[in-house]
Amino acid sequence: MSIMTKTVVISGGTSGMGQATAMARAARGDRVVVIGSRADAPYRADLSSIAETRRVAAEIAREHPRIDALLLFANRLYPKRTETPDGLESTFALYYLSRYLLGTLLAPQLDAAGNPVIVNVSGTGATAGGVVWDDPQLTRRYGMVRAQLQAGRANDLLGVAHTGRARYVLYHPGFTRSGQSPNPVIGAVTRTLARVAARPVEDSVRPIVDWVDHPPAAKLTAIDRGRPVPPTLRTLDPADAARLRAYTERLV
Ligand SMILES: NC(=O)c1ccc[n+]([C@@H]2O[C@H](COP(=O)([O-])OP(=O)(O)OC[C@H]3O[C@@H](n4cnc5c(N)ncnc54)[C@H](OP(=O)(O)O)[C@@H]3O)[C@@H](O)[C@H]2O)c1
């Protein structure tokens, strides 16, 4: 391998868009580090657990002193409210908190790269939902969509609060022919809809694959289905980002 070989870490790289990105980057000769919870994942970890996320991050940091790109895809739908061993609502823990932790724990390795980038694949640009400040763990009123929207807005704020050397990209791929379903009925409906309305996975991941080679110049870039999201959008509010950062630091 040449000394210019890039190292790319992908959370949720075992299926869907993460897997397609992993394959595209591996085909370019990168060292690709894939994290997933299933048995065949090269780096197996349940990213909804703080301890597991810390363990896998430490393992990756030990083996890869320089990381060029951290690409964050891991997510799962939880139809019913479930709690992690840390007592956190699972969507919040997996879809938001694991991304905060990986970005923070791998910051030294990212900082060691020439032009590092973090891509957080979520739902930027959407304004529905938000952080439920008086009950972020959704103990009183849980809904699967509400939990997804809250974690999506939290990821927007994670990008705004980012301070490391790596360029940060928030990316909303749009409805894509990927995604695991929590039950067969939702799965069948989604697959039928996806056949007519969703984008092929390769189209959705193309910008991500390119950002690894050419990180944007701006500290934060938000792209919603190909269009830049204005930094003044209310979901990218710096005061909310600081508030969420403070809450998150208390949690971990
Ligand atoms: N598909 C869409 O239409 C769409 C639209 C907008 C935004 N997005 C966002 O894009 C991202 C990727 O979506 P996708 O459709 O490619 O999803 P996907 O096919 O369902 O893949 C999700 C990935 O997350 C991993 N994962 C789930 N639970 C995990 C856990 N506890 N620990 C570690 N890894 C775990 C899965 O790996 P294991 O099975 O190995 O655990 C899998 O690799 C998500 O954040 C999603 O919200 C998707």
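A pocket here is an open set of grid points with protein on both sides within 12 Å along at least five of seven lines, and its lining residues have an atom within 4 Å of a point. With that in hand, let's look at this predicted model.

The ligand takes up the space of the largest pocket. Two elements, α1 (16–27) and α3 (90–105), give two or more residues each to the shell around the ligand, and α3 gives the most, with three. There are 29 residues around the ligand, with Thr14, Met17, Ser37, Thr176 and Ser178 coming nearest. Sorted by class, that shell holds ten nonpolar, 15 polar and four charged residues.

As for polar contacts, Ser15 puts a polar side-chain atom 3.1 Å from a ligand oxygen, Met17 uses a backbone N or O atom at 2.8 Å from a ligand oxygen, and Asp46 has a polar side-chain atom 2.9 Å from a ligand nitrogen. On its own the ligand would expose 890 Å², and the protein buries 90% of that.

Now for the pockets themselves:

| Pocket | Volume | Lining by class |
|---|---|---|
| Largest | about 1,400 Å³ | 19 nonpolar, 21 polar, six charged residues |
| Second largest | about 200 Å³ | seven nonpolar, five polar, four charged residues |

In the largest pocket, α1, β2 (31–36), α3, α5 (144–161) and α6 (184–197) each supply at least two lining residues; α5 leads with six. For the second largest pocket, α3 and α4 (107–111) each bring at least two, and α3 gives the most, with four. Nearest the centre of that second pocket are Gly103, Thr104, Ala107, His162 and Gly164, out of 16 lining residues.

Methods: Residues numbered from 1 in each chain as written. Predicted model: local features only at pLDDT ≥ 70, side-chain atom pairs only at ≥ 80, totals over all residues. Heavy atoms only, no water. Near = heavy atom within 4 Å. Polar contact = N/O pair within 3.5 Å; in protein donor to acceptor, adjacent residues only side chain to side chain. Areas by Shrake-Rupley, 256 points an atom, 1.4 Å probe, with all protein chains shown as cover. 1 Å grid on protein atoms, 1.4 Å probe; cavity = no way out; pocket = protein on both sides within 12 Å on 5 of 7 lines; lining within 4 Å. Sits in = over half its atoms within 2 Å of the grid points. Nonpolar A, V, L, I, M, F, W, Y, C, P; charged D, E, K, R; others polar. Points joined across faces, edges and corners; volume = space filled by probe spheres on them.
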